[in-house]
Amino acid sequence: MNDVAGSEWTGRVGQSWAQEWQRTDRSFAAVTDRLFASSVMRDFSRAVDIGCGAGETSCRLAAGQPDGA
């Protein structure tokens with residue numbers, strides 16, 4: 001990561017993102033619920049979080065598949 005991007009995430013932008021995580025999760029809630037209702041989400045062993053959102057999807061994946069990677 002370059003210095004400008006790194007300083008943004010450790011500064012004002014990162015602080016704002018951290019303060020708004022609950023609103024971010026609420027804004028994605030309907031999409032997240034629909035995703036987890038799909039059959040694809042019931043049988044997997046690996047997942048990749050590409051860093052979109054505040055982590056709700058990763059937390060739900062981990063809770064649903066504790067042996068997954």
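## A first look

Does serine 45 count as buried or exposed? At 52% relative accessibility, serine 45 counts as exposed, because the cut-off for that label is over 50%. Keep in mind as you look around that this is a predicted model. We'll come back to serine 45 and its surroundings further down.

## The overall build

Let's start with the whole chain. You'll find four helices here and zero strands, so the pattern along the sequence reads α-α-α-α. The radius of gyration is 15 Å, while the globule rule gives 11 Å for 69 residues; the chain's value is well over that, so the chain is more spread out than a compact globule. If you'd like dimensions to go with that, the C-alpha trace spans about 40 × 25 × 15 Å along its principal axes.

How much of the chain is tucked away? Buried residues make up 13% of the 69 residues. On the outside, the chain exposes about 5700 Å², and carbon and sulfur atoms supply 54% of that area. As for how the chain meets itself, take the contacts between residues at least 6 apart in sequence: 48% of them join residues at least 24 apart.

## The largest pocket

Now for the empty space. Rolling a probe the size of a water molecule over the atoms shows where such space is left. In this model, the largest pocket has a volume of about 430 Å³. Two elements give two or more residues each to its lining, namely α3 (21-37) and α4 (56-64). The largest share, five residues, comes from α3.

In total, 21 residues line this pocket. Which of them lie nearest its centre? They are Leu35, Asp49, Cys52, Thr57 and Ser58. Sorted by character, the lining of the largest pocket divides into 12 nonpolar residues, five polar and four charged.

## Two threonines in α3

Helix α3 is a good place to zoom in. Threonine 24 sits in this helix, and so does threonine 32. Threonine 24 has 12% relative accessibility, so it counts as buried. Threonine 32 comes in at 8%, which means it counts as buried too. The cut-off behind both labels is under 20%.

What do these two touch, once you leave aside neighbours within four places in sequence? Threonine 24 is in contact with Trp17, Gly53 and Ala54. Threonine 32 is in contact with Glu56, Thr57 and Arg60. One of those partners, Thr57, also appears among the residues nearest the centre of the largest pocket.

## Across to α4

Glutamate 56 lies in helix α4. Is it buried, exposed or something in between? At 31% relative accessibility, glutamate 56 counts as partly exposed. Not counting residues up to four places away in sequence, glutamate 56 touches Asp25 and Thr32.

Glutamate 56 also makes a nice example of how sequence and space can tell separate stories. Glutamate 56 and threonine 24 are 32 residues apart along the chain, and their C-alpha atoms are separated by 9.4 Å.

## The loop between α3 and α4

Between these two helices runs a loop, and serine 45 from the opening question is found there. Leaving out residues up to four places away in sequence, serine 45 touches Gly68 and Ala69. Looking back to arginine 34, serine 45 is 11 residues away in sequence and 20 Å away in space, C-alpha to C-alpha.

Glycine 55 lies in this loop as well. With a relative accessible area of 23%, glycine 55 is partly exposed. Its C-alpha atom is separated by 20 Å from that of aspartate 43, with the two positions 12 residues apart along the chain counted as their sequence distance.

## Over at α1

One last stop is helix α1 (residues 3-10), where threonine 10 is found. At 67% relative accessibility, threonine 10 counts as exposed. How far is threonine 10 from threonine 32 in space? The distance is 27 Å, C-alpha to C-alpha, and the two are 22 residues apart in sequence.

Notes:
Residues are numbered from 1 along each chain as its sequence is written. This is a predicted model: local features need pLDDT of at least 70, side-chain atom pairs count only at pLDDT 80 or more; totals for chains, interfaces and linings use all residues. Side-chain values use heavy atoms; hydrogens and water are left out. On a 1 Å grid over the protein atoms alone, a cavity is a set of points where a 1.4 Å probe fits but cannot get out, and a pocket is an open set with protein on both sides within 12 Å along at least five of seven lines; lining residues have an atom within 4 Å of a point. Grid points are joined across faces, edges and corners, and a volume is the space filled by probe spheres set on the points. Ala, Val, Leu, Ile, Met, Phe, Trp, Tyr, Cys and Pro count as nonpolar, Asp, Glu, Lys and Arg as charged, and the others, Gly among them, as polar. Buried means under 20% relative accessible area, exposed over 50%, partly exposed in between (1.4 Å probe, protein chains only). Contact means heavy atoms within 4.5 Å. The radius of gyration is taken over C-alpha atoms; the globule rule is 2.2 Å times the number of residues to the power 0.38. Accessible areas come from the Shrake-Rupley method with a 1.4 Å probe; for residues, only the protein chains shown count as cover.
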